[in-house]
Every structure is written in C-alpha cells, then in structure tokens.
Amino acid sequence: MESPKNRNIILIGFMGTGKSTVGQAIAETLNYQFVDTDALVEKKAGCAISEIFASQGEAHFRQLEHEVIKEILQNERLVVSTGGGSVLREDNCAVMLANGQVIALTADTDHIIQRVSQDPNRPLLQGNVEERVHTLMAQRKDAYQFADVTIDTTGVPVENIVRTIHEHHMKK
Ligand SMILES: Nc1ncnc2c1ncn2[C@@H]1O[C@H](COP(=O)(O)OP(=O)(O)O)[C@@H](O)[C@H]1O
Ligand SMILES: O=C(O)C1=C[C@@H](OP(=O)(O)O)[C@@H](O)[C@H](O)C1
Ligand SMILES: [Mg+2]
C-alpha cells in the first residue's frame, strides 16, 4: 500500500450518478469495506439526512459530512461513496486526493432525473425535481473535475461500471 492512491477508492459525483449502488458492488468485488458517508452522517446525528436538513440546516449537515470524511479516510481498503455535495468544500477534496483514488461518476441530466425521481429522500431535490436537478447541475458543473478518473454511467449497467473501476484501480 505504498501510494496513497492504493489506499482507498472514493466515489464522487452528482446525486443519482450511482455512487452508493456502485460503491457497494465494487467493495464486494475487491473485498474492501464499503462505507457511505451519508449513512455515517445519519449515525453520528442519530436521525435521517432529511431531518438534519429540516431541523439544523444544510450547514450543519456539511460540517458532519466533513468530520465523517476526515475520520473515515484515516483507514485503508475502503470503498467510500460520498454525498454529491461533499466536493463543495475544498478541504474535503484535498483529504480525498491524499487518501485514495478519486473516481467521479457522471450521467446525463435525463438519466439523473429518472433515477432520483424514484427516491424522495433527497432534501435538495424537493419540489420540482427537474428544475432542481438542472439548477444544481449547472452550479456544480466543475465541482467533480478534480477526480483521478471520470466514468460516464449513462445507460451503463452497474456491473459494467464495476468492471471499469476494477480495471482502473488495478492499473493505477
Ligand atoms: N448504472 C445505473 N443504471 C441504472 N440505474 C442506476 C445505476 N446506478 C444507480 N442506479 C439507480 O439510481 C438510483 C440512485 O442511485 P444511488 O446509488 O443512490 O446514487 P447516488 O448515491 O450517486 O446518489 C438508485 O435507484 C439506483 O438503483
Ligand atoms: O448533492 C448533495 O448535496 C447531497 C447528496 C446526497 O447524497 P447522494 O449524492 O448519495 O444522493 C446527500 O448527501 C444529501 O442529500 C445532499
Ligand atoms: Mg448515495
């Protein structure tokens, strides 16, 4: 485990690009431990993400998310699926790059809208989902570019994405 890029795999990307789904599958393939920062934030707060946003606001959620990312990346052999807004803090990006191979998942807007519309649990997408996705994607268009690798998941089955990540991780 000489290079920091060997330590962990860290998935970043907009909501609905498949970080949580793909992360779980790649962890099983590599026999790494799977960690979802959203789940760790919920554990730390003792309530659901939507409740944290509603009762304490987004800034508090971002602080918990930052603490979780810093803590968890002290370990090795993890696949870490991050929340889509974690990259908005530069210090999170720096911790990620220093502790693993950062892989950005992307997908086109229509696929993202279709995927997230089935899950009402994202506080930033309440109301008109299509409008919210368009607005946030425009705001974040450059936010995922610091990744070591970028993989377009549009129309790609999860097992193919897993295979591509596996190949990238083996040859890095
Ligand atoms: N490659 C894919 N093709 C089709 N559906 C997908 C794909 N990846 C994820 N999904 C679906 O999209 C939804 C959001 O996926 P999720 O893993 O929660 O994304 P994220 O963690 O990036 O927000 C889930 O219903 C999931 O089953
Ligand atoms: O993009 C964001 O700001 C968020 C993405 C969510 O995670 P997913 O990207 O896994 O949906 C979750 O962290 C929270 O609802 C905020
Ligand atoms: Mg997720």
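Trainee: How do the residues of the shell around ligand 2 divide into nonpolar, polar and charged?

Mentor: Four are nonpolar, three polar and five charged. Here Ala, Val, Leu, Ile, Met, Phe, Trp, Tyr, Cys and Pro count as nonpolar, Asp, Glu, Lys and Arg as charged, and the others, Gly among them, as polar. This is a predicted model: local features need pLDDT of at least 70, side-chain atom pairs need 80 or more, and totals for chains, interfaces and linings use all residues. Residues count from 1 along each chain as written, chains are lettered from A and ligands numbered from 1 in written order, and side-chain values use heavy atoms, without hydrogens or water.

Trainee: Which residues surround ligand 2?

Mentor: Look for a heavy atom within 4 Å of the ligand. Among them are M15, D38, F61, R62 and R140, plus the glycines G83, G84 and G85.

Trainee: Which side chains put a polar atom 2.7 Å from an oxygen of ligand 2?

Mentor: Look for N or O pairs within 3.5 Å. The K19 side chain has an N or O atom 2.7 Å from a ligand 2 oxygen, and R122 offers a polar side-chain atom at 2.7 Å. From G85, a polar backbone atom sits 3.1 Å from a ligand oxygen. The protein buries 96% of the 390 Å² that ligand 2 exposes alone (Shrake-Rupley, 1.4 Å probe).

Trainee: And what holds for ligand 1, with its 13 residues?

Mentor: K19, S20, T21, R122 and V156 come nearest. Side chains of S20 and R122 each place a polar atom 2.9 Å from a ligand 1 oxygen. Of the 560 Å² that ligand 1 exposes alone, the protein buries 72%.

Note on methods. A polar contact is a pair of N or O atoms within 3.5 Å; within protein, one must be able to donate a hydrogen and the other to accept it, and residues adjacent in sequence count only if both atoms are side-chain atoms.
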